[in-house]
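Ready for a few warm-up exercises? Have a look at the structure below, then try each task before you read its solution.

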Amino acid sequence: MFSWDVIEHGKPLQKVLRDTPKAKGTEVVIRITRSGVCHSDLHIWDGYFDLGGGKKFFVKDRGCIPPFTMGHEPFGVVEAMGPGAKKAMRGLKTGQKKLVFPWIGCGKCTVCKEGQDNYCLSQKFLGVYTRGGYGTHIVIPHPKYLVDASGIDEGFASTLACSGLTAYSAIAKLPELAARDWVAVLGCGGLGLVGISILKAKGVKNIIACDVDPSKFDAARKLGAKLVLDTRAPDAAAKLGVLAKGSLAAAIDFVGMPATFNVAYPALRKGGRYVICGLFGGEVTLSLPPIAQRAVGVVGSYVGNLQELKEVVALAKKKKLKATPVTLRSADEVNRILAELKAGKVLGRVVLDFERAK
């Protein structure tokens with residue numbers, strides 16, 4: 001098998017030849033055909049997350065040590081399975097196409113047994129803590145992490161495992177919305193666009209798309225945004241409040257930086273909620289009394305669980321979820337793709353096509 005690995009943080013990924021893995025126990029080997037490229041991969045590639053104030057969280061401290069294979073949006077074909085896998089999932093056969101749930105926990109702790117692998121403290125997330133989807137093959141510990149996404153475009157389906165799931169789980173944390181309420185979506189990249197699509201699919205009509213790049217607004221409108229806001233304006237927070245007619249019930253920050261927080265948080269109505277799942281980095285300082293006086297909530301949301309992924313896939317299968325822009329490119333172009341993503345030149349999602357790779 002081939003994989004495109006981080007050999008040194010910040011340096012171009014290298015194509016590596018290694019033995020194709022074998023399945024044992026309940027394991028399943030997936031031959032990858034599609035694998036999404038996520039903005040979070042840039043942080044893993046760089047080797048750290050920016051915590052603000054000069055502080056950094058280094059991925060090596062969580063076991064992500066080169067050589068390492070990134071990629072947490074894999075979709076592919078069942079190529080082999082251990083004897084326990086056949087017993088664990090009836091009807092599982094080689095040759096079947098499956099979407100892979102990448103946010104795998106230890107499988108033994110309380111949260112894992114409750115179906116909340118994404119909250120496990122002994123994480124085995126694919127492409128984050130264990131070998132991921134920037135390769136032709138990947139090993140899944142149990143077939144329960146495989147989801148049937150038949151009928152969905154395979155490129156778009158692969159993105160549902162991260163961007164779709166992350167947006168869906170964040171939206172689930174919104175307060176109850178009245179007809180007059182508005183929701184702001186900060187960042188119209190791969191996450192933000194699918195977030196708009198999911199909001200629309202769930203019946204939310206008053207959506208404001210916010211970004212520093214107006215070229216993304218056409219896609220946002222097509223997916224369901226009613227209004228747009230260029231957040232580069234110095235009075236962007238005030239403008240957001242005016243657009244929402246003083247009833248901004250929620251803001252979902254798919255960027256996660258001080259600039260986006262400072263646009264959305266002040267614009268929230270009383271009882272509003274700011275949900276952050278973007279990991280761009282930085283820090284903010286909050287006065288405590290106004291949090292209580294305004295009854296606002298600041299909520300973190302980190303990816304999602306397996307059941308939520310199945311619900312996202314169900315929305316897509318029913319054609320309720322509009323597909324976001326997806327560009328298929330050969331896996332051999334991964335370094336160029338990462339550079340373009342870092343420069344902000346990607347609309348929607350780029351998905352690696354392993355069937356084109358040489």
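**Exercises with worked solutions**

Keep in mind as you go that this is a predicted model.

**Exercise 1.** Work out what kind of ring pair Phe261 and Tyr274 form, and whether Tyr274 is buried or exposed.

*Solution.*
Step 1: Start with the overall count, which is nine aromatic pairs in the whole structure.
Step 2: Take the pair of Phe261 and Tyr274: the ring centres are 4.8 Å apart and the planes stand at 85 degrees.
Step 3: Planes over 60 degrees apart count as edge-to-face, so that's the label for Phe261 and Tyr274.
Step 4: Now place the two residues. Phe261 belongs to helix α8 (residues 258-264) and Tyr274 to strand β15 (residues 268-276), and the pair, 13 residues apart, links distant parts of the chain.
Step 5: Buried means under 20% relative accessible area. Phe261 has 6%, so it is buried, and Tyr274 has 2%, so it is buried.

**Exercise 2.** Find which residues ring pairs link into a cluster, then look for lysines over rings.

*Solution.*
Step 1: The cluster is made of Trp103, Phe125, Tyr129 and Tyr302.
Step 2: For the lysines, try Phe2: Lys15 lies over its face, 4.6 Å from the ring centre.
Step 3: Then try Phe58, where the charged end of Lys60 sits over the ring at 5.7 Å from the centre.

**Exercise 3.** Describe how helix α4 packs with helix α10.

*Solution.*
Step 1: Pick out α4 (residues 154-171) and α10 (residues 306-317); their axes are 9 Å apart, at an angle of about 115 degrees.
Step 2: Check the hand of the crossing of α4 and α10: it's right-handed.
Step 3: List some of the contact residues. Among them are Phe156, Leu160 and Tyr168 of α4, and Leu309, Val312 and Leu315 of α10.
Step 4: Sort the contact of α4 with α10 by class, and you get 10 nonpolar, two polar and two charged residues.

**Exercise 4.** Say where Thr231 and Ala209 sit, and what Thr231 touches.

*Solution.*
Step 1: Thr231 is in the loop between β13 (227-230) and α7 (236-243), while Ala209 is in strand β12 (residues 207-211).
Step 2: With a relative accessible area of 18%, Thr231 is buried; Ala209 is buried too, at 0%.
Step 3: Skip residues up to four places away in sequence, and Thr231 touches Cys210, Asp211, Val212, Ala236 and Val263.
Step 4: Leave out neighbours within four places for Ala209 as well, and its contacts include Val185, Ile196, Phe217 and Leu229.
Step 5: Finally, compare sequence and space: Ala209 and Arg269 are 60 residues apart in sequence and 18 Å apart in space, C-alpha to C-alpha.

How values were computed. Residues are numbered from 1 along each chain as its sequence is written. This is a predicted model: local features need pLDDT of at least 70, side-chain atom pairs count only at pLDDT 80 or more; totals for chains, interfaces and linings use all residues. Side-chain values use heavy atoms; hydrogens and water are left out. Rings of Phe, Tyr and Trp (its six-membered ring) pair if their centres lie within 6.5 Å; planes under 30 degrees apart count as stacked, over 60 as edge-to-face and the rest as tilted. Helices (H or I, at least four residues) and strands (E, at least two) are DSSP runs, numbered from the N terminus. Buried means under 20% relative accessible area, exposed over 50%, partly exposed in between (1.4 Å probe, protein chains only). A charge sits over a ring if NZ of Lys or CZ of Arg is within 6 Å of the ring centre and within 35 degrees of the ring normal. Axes are lines fitted to C-alpha atoms, for helices over the stretch in contact, and angles run from 0 to 180 degrees between N-to-C directions. A crossing is left-handed if the near helix is turned anticlockwise from the far one by less than a right angle, and right-handed if clockwise. Contact means heavy atoms within 4.5 Å. Ala, Val, Leu, Ile, Met, Phe, Trp, Tyr, Cys and Pro count as nonpolar, Asp, Glu, Lys and Arg as charged, and the others, Gly among them, as polar.
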